[in-house]
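User: Please take a close look at the salt bridges in this model. I would like to know which parts of the chain they join, and how that fits with the rest of the fold.

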Amino acid sequence: MDLTYNQRISKTVTYVIIISLAALIQNTKGLTIEIGGARCFLLLPVCMIIGIGEDEFWAGIMGLFGGMLWDLTSAQHHGFNAIFICLFCFFCAALVTYYVRETFLTGFIFSAVEIFTYCLLYWLFFIIFRGMHGVELTLFSFYIPSAFYTLAITPIIWLTLSPIKKALNKPVIAK
């Protein structure tokens with residue numbers, strides 16, 4: 001799409017603000033609701049929904065930015081979130097660009113795959129492979145409930161971000 005320089009800048013700034021707000025809500029205790037100990041990983045669907053329908057490069061950059069904000073607050077896994085979200089946003093944006101249409105169902109399925117893959121990989125790399133004993137069941141007591149909680153919030157995120165994306169992607173009409 002043919003956006004002017006100012007429109008591209010305002011779109012990028014808006015996306016950065018949205019991702020920053022999602023990171024603030026997710027990583028600040030008291031700003032997000034924990035249900036039975038399960039946390040909402042808000043940055044995963046926010047970066048995914050912003051990223052699909054955009055150029056692969058910018059989707060990856062937005063995912064990298066969101067992951068870096070998440071990694072800033074982590075104590076042990078520096079870089080994992082940035083790399084994971086960046087790669088996932090890049091590949092899903094490429095799929096939307098070349099193979100599938102950007103719809104609610106596409107965003108929901110891509111977000112679901114991203115959320116459950118993230119929870120499984122995080123559990124494997126930072127719980128199981130680190131050799132922590134007695135915490136193997138956290139997959140079922142924390143990570144899977146957190147994944148379902150995040151997945152339940154995803155339609156609300158899509159309904160919120162979809163009109164914003166549509167308004168920001170309107171090209172200039174030539175006179």
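Analyst: Helices and strands here are DSSP runs, of at least four residues for a helix and at least two for a strand, numbered from the N terminus. On that basis the protein has six helices and zero strands, in the order α-α-α-α-α-α from the N terminus. The radius of gyration is 17 Å, close to the 16 Å that the globule rule gives for 175 residues, so the protein is as compact as a globular protein of that length. This is a predicted model, and every value below is computed from it.

The structure contains two salt bridges. One is formed by the side chains of E54 and K11, at 2.8 Å from N to O. E54 sits in the loop between α2 (43-51) and α3 (56-72), while K11 belongs to helix α1; the two are 43 residues apart, so this pair links distant parts of the chain. Both E54 and K11 are buried.

The other salt bridge is between the side chains of E102 and K165, again with an N to O distance of 2.8 Å. Here E102 is in the loop between α4 (80-98) and α5 (104-128), and K165 is in helix α6 (residues 138-168), so the pair ties together parts that lie 63 residues apart in sequence. E102 is partly exposed, at 41% relative accessible area, whereas K165 is buried, at 4%.

The contacts give the wider setting. Of those between residues at least 6 apart in sequence, 74% join residues at least 24 apart. Buried residues account for 43% of the 175 residues.

Disulfides are a separate matter: the count is zero. A pair of cysteine sulfur atoms has to be within 2.5 Å to qualify. For C40, the closest cysteine sulfur is in C119, 10 Å away, which is too far for a bond. For C47, the closest is in C89, at 5.4 Å, also too far. C40 is buried, with a relative accessible area of 4%, and C47 is buried at 0%.

Helix α1 (residues 5-27) also includes Y5. Y5 is exposed, at 56% relative accessibility, and forms a nonpolar surface patch with I9, V13, I17, L21, L24, I25 and L31. Together these residues have about 750 Å² of accessible area. The protein as a whole exposes about 9,600 Å², of which carbon and sulfur atoms supply 72%.

Technical notes: Residues numbered from 1 in each chain as written. Predicted model: local features only at pLDDT ≥ 70, side-chain atom pairs only at ≥ 80, totals over all residues. Heavy atoms only, no water. Buried < 20%, exposed > 50% of the residue type's maximum accessible area, 1.4 Å probe, protein only. Patch = residues over 30% accessible without salt bridge, like charges linked within 9 Å, V, L, I, M, F, W, Y side chains within 5 Å. Areas by Shrake-Rupley, 256 points an atom, 1.4 Å probe, with all protein chains shown as cover. Salt bridge = Lys/Arg side-chain N within 4 Å of Asp/Glu carboxyl O. Rg over C-alpha atoms; globule rule 2.2 N^0.38 Å. Contact = heavy atoms within 4.5 Å.
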